[in-house]
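Please open the model in your viewer and keep the sequence panel beside it. The tour moves from the whole chain to single side chains, with a selection to make at each stop.

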Amino acid sequence: MNAIETKDLTKQYGGLTALNQVNLQVPAGSIYGFIGLNGAGKTTTMRILLNMIKATSGSVRLLGEDVQHVKTDFWNKIGYLIETPQSYSQLTTYENLDLYARLREIPSGVRADRIEQYMAELGLTAYRNQRVRELSLGNRQKIGLIKALIHEPELLLLDEPTNGLDPQGLNQVRLLLQKLAKKGTTVFLSSHILAEMEQMLTHVGFLNHGRLIRQTDYQGFLGQRQQPLIATFVNADETLRAQRVLSASAIRSTCADTTLTIQAPTKSPKIIQALVTQNVVPISWQKKQVSLEDQFLAMLDSEDSNAHN
């Protein structure tokens, strides 16, 4: 079952198409990374999913239900953090969380324990009695995250949940989201900190100019990454010579002093043969580690190239 499913989701503002026939499929229990540059349409998508704004056309199903026809209590199954979290600045961390938990009608017998548990997991216990206006951006972000999940929703939508977090905070959030997913919560999140996201994702979708250009399970995506070869030569002249040899065999590469980055790792035997035949032998070989960010930017370059052809 998909926890989120959209069909041809489109949003237009006058002559601007913010979303163009987006078809999301987010499996239940997954941690789905929704990746795109600023302005790609991520926040617009989340607002439509939550019925905050209406799509121009297309449909949205959350937890198997058409969001246009659900009853009010359906939204108790959903938690969300969209853009900047809001809290009462004059209240303390605990008072804010307790107030929100009461609004969510969490029974008094479990409310306090649940608040203390989440504060401990996100490193907020030391700030329990501190007013929110005195807290850092990262700690205010953590309060917003706890408010989104305090009622233990089945589906959690998080727009840039790692804003303002330091490395320790990033790790705390990652561990908490992985724990929730293991318990069955579906987590749909966007973030520009891709290095942190790739440590927790199970699925990924890429949005570019309002179009979903790809979505897949993350392990499958990792298996399809192309890792360029890095060859090092004794001097820059040898590097240029090697580049000319490979170019004659239609193998793309880029030079940087004594280093040659070769973009065709699946052709390793052909590369080696071409160089050895011409007596151009590198002093070392290694595969370049390709990050999620590298792969994403490469996809955007490919999209832009295709658009101009």
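For the charge count that follows, Lys and Arg are taken as positive and Asp and Glu as negative, while His and the chain ends are left out. On that basis the protein chain of this predicted model carries 32 positive and 29 negative side chains, and the centres of the two sets lie 2 Å apart.

Stay with the whole chain for a moment: its C-alpha atoms fill a box of roughly 80 × 45 × 35 Å along the principal axes, and it contains ten helices and 15 strands. Of its 309 residues, 45% count as buried, and among contacts with a separation of 6 or more, 69% are made by residues 24 or more positions apart.

Next, select residues 167–182, which form helix 5; its 16 residues reach 23 Å from the first C-alpha to the last, close to the 22 Å expected. Which elements do its buried residues pack against? Display strand 4 (31–35), helix 3 (108–121), helix 4 (137–149), strand 8 (155–159), strand 9 (186–190) and helix 6 (194–197), and you have those partners in view. The buried residues themselves include Leu170, Val173, Leu176, Leu177 and Leu180. Just after the helix, glycine 184 takes a positive phi of about 110 degrees.

From helix 5, show the side chain of lysine 179 together with glutamate 121, since the two meet in a salt bridge at 3.2 Å, N to O. This pair links distant parts of the chain, helix 3 and helix 5, across 58 residues; glutamate 121 is partly exposed at 25% relative accessible area, and lysine 179 likewise is partly exposed, at 30%.

Remain on helix 3 and select arginine 114, which is buried with a relative accessible area of 15%. Arginine 114 forms a salt bridge with glutamate 152, the closest N and O atoms being 3.7 Å apart. Glutamate 152 sits in the loop between helix 4 and strand 8, and its phi is near 55 degrees, a positive value in a residue other than glycine.

Now turn to helix 2 (residues 93–103), where arginine 102 and aspartate 98 lie four residues apart, about one turn of the helix. Their side chains meet in a salt bridge of 2.8 Å, N to O. Is aspartate 98 buried or exposed? Because its relative accessibility is 14%, aspartate 98 counts as buried, whereas arginine 102 is partly exposed at 48%. Add Arg111 to the selection, and a network of salt bridges linking Asp98, Arg102 and Arg111 is shown.

Notes: Residues numbered from 1 in each chain as written. Predicted model: local features only at pLDDT ≥ 70, side-chain atom pairs only at ≥ 80, totals over all residues. Heavy atoms only, no water. Helix = DSSP H or I, 4+ residues; strand = E, 2+ residues; numbered from the N terminus. Expected span 1.5 Å × (residues − 1). Buried < 20%, exposed > 50% of the residue type's maximum accessible area, 1.4 Å probe, protein only. Contact = heavy atoms within 4.5 Å. Charge placed at Lys NZ, Arg CZ, Asp CG, Glu CD. Salt bridge = Lys/Arg side-chain N within 4 Å of Asp/Glu carboxyl O.
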